[in-house]
Amino acid sequence: MQENHKYNIYMFIATIFFGMTYVLTKICLNYSTEFHIISLRFLIAFIVSLIFLYKKIFPIKIKEFIYSLILSIILFLVFITMTIGVKYTTATNASFLISLSVIFIPFFSWIFNKEKPKKSIFIVLIIVLIGIMLLTLDKNLELHIGDILCLICSLLFSFHIIITEKLVKTNNPITLGVLQFGGVALLSFLVQYPIESLILPKNKNFWISLLILSVFCTALAYIIQTVSQKKLSSTLIGLILSLEPIFSGIFGYFFLNEYLNFQQYIGAFLLLISVIYVSVKN
C-alpha cells in the first residue's frame with residue numbers, strides 16, 4: 001500500500017510537469033521558432049533518456065527501430081500542431097483541448113481494435129462539444145486557428161496512443177519511447193533546415209525554459225509515467241493525468257497572466273469532468 005502511494009506521488013509530480021509544458025513552450029516561442037524548440041527539446045530529452053536508460057534500451061531490434069520511426073512521425077505531427085497551436089492560443093486553452101485525447105481514444109479503438117465504445121461516450125461527446133464552444137468561441141462566434149490546431153493535436157495524440165498500445169505488446173516500450181525522442185528531433189531538424197537556418201537564442205529565459213521542458217517535462221515525466229504504469233491501474237493514472245489542465249491554468253495565471261472569463265470557466269469545467277469521467281470509465 002505504501003509502495004502504491006509512492007507511485008501516486010510520482011504520477012502527481014509528472015502531471016505537474018506535463019501541466020508546465022504549455023507555459024514553458026509559450027515562453028520559448030518568445031525567443032525562437034516552433035521547429036527550433038521541437039528540435040532542441042527532443043534532442044536534449046533523447047540524450048538525457050539515453051544516459052539514464054541505456055541499460056534498458058539495448059540491444060535494439062531492427063523492428064523496434066522501424067516501429068519507433070513510425071511513432072516518431074506521428075509524435076512529430078503531434079508536437080508541430082501543439083507548438084504552433086500554443087503560439088496562437090493561450091496555454092490554458094491548449095491544455096484543456098489537448099487533454100481531450102482521452103475522449104477520442106475510444107473512437108480510434110473502435111476503428112482499429114473493433115471495440116465499440118459505450119453509449120455513454122456519445123453523450124460525453126456532446127458535452128465536450130458544448131465545452132469547446134464555451135471555451136474557445138469569441139464574441140463573433142469564431143474559432144481561432146490556435147484552438148483548431150490544438151484539437152487536431154488531440155486527435156493525433158489519441159491515434160499515437162492507440163498505435164503505441166499495439167506496438168508495446170511485442171516490443172520493448174522503453175526502447176520505443178527513447179528512440180521516439182531521437183526520431184522527433186531528427187525529423188524536426190530535417191524539416192527545419194530547408195526553411196530556416198539553426199539560430200541559437202542567447203536569452204537565458206529561453207534556455208532555462210527549454211531545459212525544464214526537455215529534462216523534466218519530457219524525459220523525466222516520461223520515465224515516471226512508464227515506471228508508474230507497471231504499479232498503478234490505468235484508471236488511476238488517467239485520473240491523475242486529468243489534473244494536467246488545472247496545473248496548466250495555474251501556471252498560465254502566474255507566469256503569463258492568463259485568465260478565463262465566466263463563459264470559459266464553464267467550458268473548461270465541462271471539458272474537465274468529461275475527461276475525468278472517461279478516464280474512470282476506461
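## Exercises on the nonpolar core, a salt bridge and two helices

Of the 71 residues in the largest nonpolar core, those that touch the most other members are F42, L97, L100 and L271. A nonpolar core is a set of buried Ala, Val, Leu, Ile, Met, Phe, Trp, Tyr and Cys residues joined through side-chain atoms within 4.5 Å; buried means under 20% relative accessible area, exposed over 50%, and partly exposed in between (1.4 Å probe, protein chains only). The model is predicted: local features need pLDDT of at least 70, side-chain atom pairs count only at pLDDT 80 or more, and totals for chains, interfaces and linings use all residues. Residues are numbered from 1 along each chain as its sequence is written, and side-chain values use heavy atoms, with hydrogens and water left out.

**Exercise 1.** Determine which residues F42 touches, not counting residues up to four places away in sequence.

*Solution.* Step 1: apply the criterion for contact, heavy atoms within 4.5 Å. Step 2: list the partners of F42, which are L75, F79, F181, V184, A185 and T218.

**Exercise 2.** Find the salt bridge in the structure and state what it ties together.

*Solution.* Step 1: a salt bridge requires a side-chain nitrogen of Lys or Arg within 4 Å of a carboxyl oxygen of Asp or Glu. Step 2: searching the whole structure yields one such pair, formed by the side chains of E34 and K87 at 3.3 Å, N to O. Step 3: E34 belongs to helix 2 (residues 34–57) and K87 to helix 3 (residues 62–87), so the pair ties together parts 53 residues apart in sequence. Helices are DSSP runs (H or I, at least four residues), numbered from the N terminus. Step 4: E34 is buried at 12% relative accessible area, whereas K87, at 39%, is partly exposed.

**Exercise 3.** Describe the surroundings of R41.

*Solution.* Step 1: R41 is placed in helix 2. Step 2: R41 is buried but has no salt bridge, and E244, the nearest side chain of opposite charge, is 9.0 Å away. For this purpose Lys and Arg count as positive and Asp and Glu as negative, while His and the chain ends are not counted. Step 3: leaving out residues up to four places away in sequence, R41 touches residues including T21, T25, F79 and M82.

**Exercise 4.** Decide whether helix 4 is largely enclosed or not.

*Solution.* Step 1: the buried residues of helix 4 are A91, T92, N93, A94, S95, F96, L97 and I98. Step 2: eight of the eight residues in helix 4 (residues 91–98) are buried, so this helix is largely enclosed by the rest of the structure.

Notes:
Helix = DSSP H or I, 4+ residues; strand = E, 2+ residues; numbered from the N terminus.
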